[in-house]
Amino acid sequence: MLHDLALTTPLLILLFAGLFTLVVDPFLPAGDQSRRFWGPFNAAMSAAAIVAAALMWKSGHHEMQTVAFGAHLSASTYSLFFVSLVSLVGMMTHLSSPKYMLEQGVGYGEYFAMVSFATFGMATMVSAESVITLFISLEIMSMAIYVLVAFKRTSIASVEAGMKYFIMGSVASALLLYGMAFLYGLSGGTTFVEIQRALVTAKPDQAVWLGLAVLLTLAAFLFKVAAVPFHMWAPDAYEGAPTTVTGFMASGVKVAAFGALLKILYAALAGQGMDDLHLPVAAILSTVALVTMTVGNLLALVQKNVKRMLAYSAIAHAGYLLLGTVASTVDPVLGAPYAVPGGAVPFYLIGYSLASLAGFAALASLGKNGEELTTEHQLAGLGRRYPFAGAVLSLAMLSLAGVPPTLGFFGKLELLREVLAVDNAKYLPHAIILVLNSVVSAYYYLRVTVYVYMRPEPKVEREYVTEPSLTWAMGLAAAAILAIGVMPGKAINVATLSAHAVRTGIATKNLVHLRGPDAPAKVAEVAAAPQEAPAAPVAEPAVIPQP
Amino acid sequence: MTYNPSALLPVIVLLPLLGALFNGLLGSRLSRQTVYAISNTTVLASFLLSVMVFLGLRGAMVTAPDAAFRYTLYEWIAAGSYKFEIAFLADQLSAVMLLVVTGVGFLVHLYSTGYMHEDPGYARYFSYLNLFIFSMLMLVLGKNLAMLFIGWEGVGACSYLLIGFWFKDMDKAAAGQKAFIVNRIGDVGFLAAMMLLLAYGNGSVDFDHLRVVFSDSAHMLDHAPTVTLIALLLFVGAAGKSAQIPLYIWLPDAMAGPTPVSALIHAATMVTAGVYMIARMNFLFALTPHAMTVVMMVGATTALVAASIGLVQNDIKKVLAYSTVSQLGFMIVAVGAGAYAAGVFHLMTHAFFKGALFLGAGAVIHALHHEQDIRKMGGLKKKLPIIHWTFLISCIAIAGLPPLAGFFSKDAILAETLAFRPNTEKIATYYGESFERQARVKVMADKAPDQAKLAVAVKAERDAYVKSVEDLAIWRKVAFALCLLAAFMTAFYMFRLYFLTFSGDYRGDHHTWDHAHDAPWPMATALVLLAFLSFVGGWVGTPFFHNQFNFFFHWLEPVLARGEELLDGHMTPALEYGLMAASTVVAALGVTLAWWMYRKGPSELGANLANRMSFIYDALLNKYYVDEFYDRVVVRPLRAVSQAAFQVIDRIIVDLVMVRGPGYVLLGVSHAGRLLQNGEVQTYLVGVVLGIALLAYYLV
């Protein structure tokens with residue numbers, strides 16, 4: 001038990017932060033100013049979660065057991081990477097929020113508690129090793145975010161957005177739960193390892209049920225990452241939500257959803273790569289990816305509100321990332337038939353979430369006096385009047401557009417490289433369409449910089465939200481975009497290392513002897529044997545070849 | 001020596017960068033003294049550390065004669081088989097360059113504190129100057145060609161910034177642009193060569209790696225034309241940077257910058273980068289006597305042409321500028337003739353005496369309130385004694401009179417040009433397999449693959465190649481003759497400059513004369529030290545007693561070993577001392593002629609000569625009308641073509657058809673797509689249901 005708790009230290013820190021904030025807040029002196037304290041406090045706790053995850057990453061390569069709570073949670077390098085990333089997103093959101101929320105008239109302590117809870121949900125989601133944990137953590141995240149979207153209760157747009165998101169989200173939850181029910185029916189287990197073990201030896205007559213299970217699960221995830229045609233909630237929710245919440249959603253939810261999607265795809269469903277399922281999953285994902293990126297980019301072209309434009313841009317990036325999910329390589333631990341995802345998606349997520357955070361943090365500085373000055377025309381003069389925010393916003397746009405030497409460029413490069421490495425001929429059209437999409441996207445990203453720098457300033461005097469923690473959030477994100485962009489090697493290595501560990505959190509030993517011609521006999525043997533604790537020590541750390 | 005100085009290398013490089021950043025970002029808020037202190041200290045520290053590296057290298061060479069220090073900061077790019085590292089290499093050649101760059105660099109910094117004392121842009125100036133030192137150190141310490149290229153571009157950018165330092169003057173800004181653009185032409189060649197080398201070196205352009213690649217003949221690409229092409233493309237780059245025909249035209253205009261800049265960048269260091277690069281790549285150049293001959297002849301022609309223009313210029317800095325182009329020509333002749341050590345030796349001595357000359361000229365200009373016309377000078381001997389003496393010493397050095405520095409380096413170039421020849425045997429051995437491949441292709445084409453015939457064909461290939469190399473021998477004599485003539489002109493125009501400036505009577509206005517003052521201490525210190533080096537600097541490379549005491553050449557041997565291995569040639573004492581005597585006589589003749597014509601200021605004789613041969617005189621005065629020629633033949637046609645391309649290709653085809661067209665279409669689609677997003681949850685749910693239906697169609 002203690003060991004299980006120790007393995008979940010980062011998650012517990014996040015949970016504690018939220019609970020502490022919620023419980024202590026009523027006892028703080030009245031007045032809004034004192035609530036600003038919660039921003040730095042929760043940010044520090046998120047930072048502590050990152051540190052804990054990093055320390056565990058460092059020690060995790062030893063004979064440390066990484067599965068906790070009966071194989072329902074894990075602290076594999078994969079989980080730790082994503083936990084760190086969502087904690088980073090949480091930290092940035094906490095840093096950029098306090099003054100902004102105050103200016104919006106809703107500077108309450110609950111806001112920070114909700115962000116911490118949502119971060120906790122995300123972190124649990126990417127650490128989940130069973131469908132039950134996955135579903136519950138997804139709900140923890142979603143509930144907190146519904147509240148956050150509608151947090152500016154004085155604004156009709158905000159409340160409406162929260163309501164819409166809630167309705168649509170509950171449909172998605174239903175789909176996911178339904179899909180999981182089918183998975184349970186097929187495998188008789190709820191942990192990923194049990195599901196995978198069952199699917200490896202699935203009988204042909206189960207194909208329809210498997211199809212249904214995959215269909216419903218995929219649909220739910222496609223909804224969460226806002227892929228076409230499940231994307232329509234996103235623009236309304238992004239536009240209506242307070243700007244910092246939009247940044248949190250755009251980066252955090254996407255990271256968590258892709259973290260969980262990759263895991264469920266590779267560690268639960270398709271053990272030996274997508275074709276293992278005998279369902280056209282790879283073809284569907286790559287097609288949905290193309291449609292999603294194209295629709296997202298096309299609709300972003302005409303948006304006048306930068307938040308709404310970024311919502312469509314987020315849809316387009318979901319498309320790029322979906323294409324990245326089909327890139328797989330041989331599992332470095334289990335060997336030949338087993339497949340793991342490449343490092344492209346985790347690496348891309350670093351760049352995407354940092355750029356989103358930087359962009360939305362810069363936009364948050366425009367939220368003075370309850371206003372949301374986020375149409376293009378209102379950006380005019382930002383580069384002159386608040387040069388720092390203008391520069392950060394422009395840098396974020398360049399990174400999202402994928403202009404070197406920003407991180408966004410290397411993200412796209414790695415993604416294309418890995419996808420083409422899977423099947424050069426098959427995915428060449430996809431790669432070309434992705435590049436053409438990037439060209440289209442440059443139009444609306446660069447338009448923002450045009451307004452920031454090249455349009456005459458408006459006559460009216462305009463004030464900006466300025467506070468040290470917001471400046472720090474912008475500066476950190478921008479510095480990271482540039483620094484990792486200039487020296488991407490290490491980050492790519494870490495991302496690849498984590499992606500290759502997608503399955504090491506679960507009891508890989510149970511899977512190893514499922515390979516080979518005598519697999520069915522061994523399955524029977526395993527099934528007959530008394531259920532040993534599925535938690536088995538992780539094999540030797542994966543040795544990732546240097547790119 | 002127990003410590004390993006390789007860790008000092010990044011420090012040496014980064015110190016000036018720190019200075020540049022500090023002064024560049026905060027300099028405008030700091031006092032002059034602070035800016036001076038920061039910029040000078042960083043470069044001085046770099047120099048002292050360089051001395052430590054030099055001493056460390058000397059110590060290491062006791063046990064390992066080919067010792068070198070290497071330090072990898074990090075792997076910059078590793079994409080597939082391509083690999084670039086931010087890595088530093090300090091071998092014997094780099095060590096020489098390191099000392100010259102930081103040493104002369106520091107003196108120029110010191111000098112500048114006096115020279116720029118009245119300029120309000122001092123922070124910007126010193127920031128650029130530090131940035132230049134940083135770039136130059138990247139160039140000379142780079143462990144691979146890519147690093148060298150980063151430095152190469154960096155110094156180009158700094159040169160541009162400093163030529164146009166007084167950018168409010170349109171002419172000066174234009175001069176900066178000219179330098180930059182002409183250098184870009186050279187860079188195209190350099191880049192193309194680097195890409196070929198990437199292919200050749202399997203994705204690495206590391207010098208150590210390339211040296212191994214080019215010592216081993218088992219390679220697919222290694223036939224003579226490819227190697228020659230690479231060498232020639234590299235030389236295009238060198239010609240741009242080191243101001244050789246036809247790309248020399250930017251250097252005289254570059255004198256628009258502050259004079260210390262001319263001394264440091266456009267005489268002592270940056271412009272010698274091409275020479276350094278060729279010496280660095282000696283293992284490649286030595287393999288291709290054809291390209292070497294081109295290099296040598298371009299150098300010799302440049303030396304002569306620039307010297308002849310220098311004969312009649314009246315601007316003190318212009319004379320020195322053409323003299324620099326001419327001296328660079330000598331260095332290029334040296335590396336083209338295979339006398340790499342002599343080339344680098346002349347590079348070093350030239351850095352001393354040309355540095356002193358430019359700084360002296362700057363001091364004169366400074367003293368005379370920005371007067372640069374030597375016709376309005378004269379008689380400054382008494383008024384400016386320190387400047388006068390240092391200038392005189394440097395003049396003797398550059399004229400090539402013994403025993404000053406220029407004599408030994410120039411003599412080494414002349415002698416080795418005549419004495420060396422390529423070792424055709426060894427070079428042909430390197431290309432052995434490629435001869436065989438070519439022969440095989442030809443024999444197979446005859447449909448008779450028999451061994452005897454093949455052997456004959458291989459021999460024929462080989463003989464044809466050896467013959468083509470041996471036919472090149474005559475060019476060495478031509479180059480030697482051109483250089484000797486250029487050496488005579490050098491002695492003449494330098495002393496014409498000296499006499500017109502310092503002897504005779506003063507010809508300017510008396511207000512200026514009264515205010516003229518000798519160099520203040522920072523300037524004087526730099527002048528005296530450089531003049532001293534111009535005097536004794538040549539003594540490290542004397543050829544007496546069969547090069548017994550030629551420390552400089554022995555020092556460079558480890559780096560140049562491969563290049564020299566591919567050379568033949570023996571220097572007889574008779575040839576050696578005969579050439580010494582000849583070059584002394586030639587130099588003395590030039591000096592005497594100048595003394596006879598100009599010791600009392602501009603003479604009747606000179607004017608008569610100019611009248612009588614006005615055609616030649618005008619051509620020289622107008623620099624052979626090369627700028628006008630380029631303007632008509634290159635610049636204007638290019639501009640016309642660009643205009644046409646802009647109007648037709650860019651405006652109509654690209655902008656309208658290719659950019660706006662799809663743009664409008666996409667925007668239209670976008671507008672249409674918005675209609676679906678109507679804000680109603682019911683519609684959104686229809687989308688979800690539709691999506692599930694589609695998924696179900698494919699999955700179930």
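Biologist: How far does helix α10 (residues 207–224) of chain A reach from its first C-alpha to its last?

Modeller: This is a predicted model, where local features need pLDDT of at least 70 and side-chain atom pairs count only at pLDDT 80 or more. Residues are numbered from 1 along each chain as its sequence is written. Helix α10 of chain A has 18 residues, and the expected span is 1.5 Å times one less than the number of residues. That gives an expected 26 Å, and the helix reaches close to it, at 26 Å.

Biologist: Is α10(A) largely enclosed or not, and how many of its residues are buried?

Modeller: Buried means under 20% relative accessible area, with a 1.4 Å probe and protein chains only. α10(A) is largely enclosed by the rest of the structure, because the buried residues number 14 of the 18.

Biologist: Are helix α3 (residues 38–59) and helix α6 (residues 109–127) of chain A roughly parallel or roughly perpendicular?

Modeller: Their axes, lines fitted to C-alpha atoms over the stretch in contact, come within 9 Å and cross at roughly 15°. Angles under 35 degrees count as roughly parallel, and 65 to 115 as roughly perpendicular. So α3(A) and α6(A) are roughly parallel.

Biologist: Which residues of α6(A) does α3(A) meet?

Modeller: Contact means heavy atoms within 4.5 Å. From α3(A), Trp38(A), Gly39(A) and Asn42(A) take part, and they meet Gly109(A), Phe112(A) and Ser116(A).

Biologist: Is His430(A) buried or exposed?

Modeller: His430(A) sits in helix α20 (residues 424–454) of chain A. Its relative accessibility is 12%, so His430(A) counts as buried.

Note on methods
Chains are lettered from A and ligands numbered from 1 in the order in which they are written. Side-chain values use heavy atoms; hydrogens and water are left out. Helices (H or I, at least four residues) and strands (E, at least two) are DSSP runs, numbered from the N terminus. Buried means under 20% relative accessible area, exposed over 50%, partly exposed in between (1.4 Å probe, protein chains only). Axes are lines fitted to C-alpha atoms, for helices over the stretch in contact, and angles run from 0 to 180 degrees between N-to-C directions. Angles under 35 degrees count as roughly parallel, over 145 as roughly antiparallel, 65 to 115 as roughly perpendicular and the rest as oblique.
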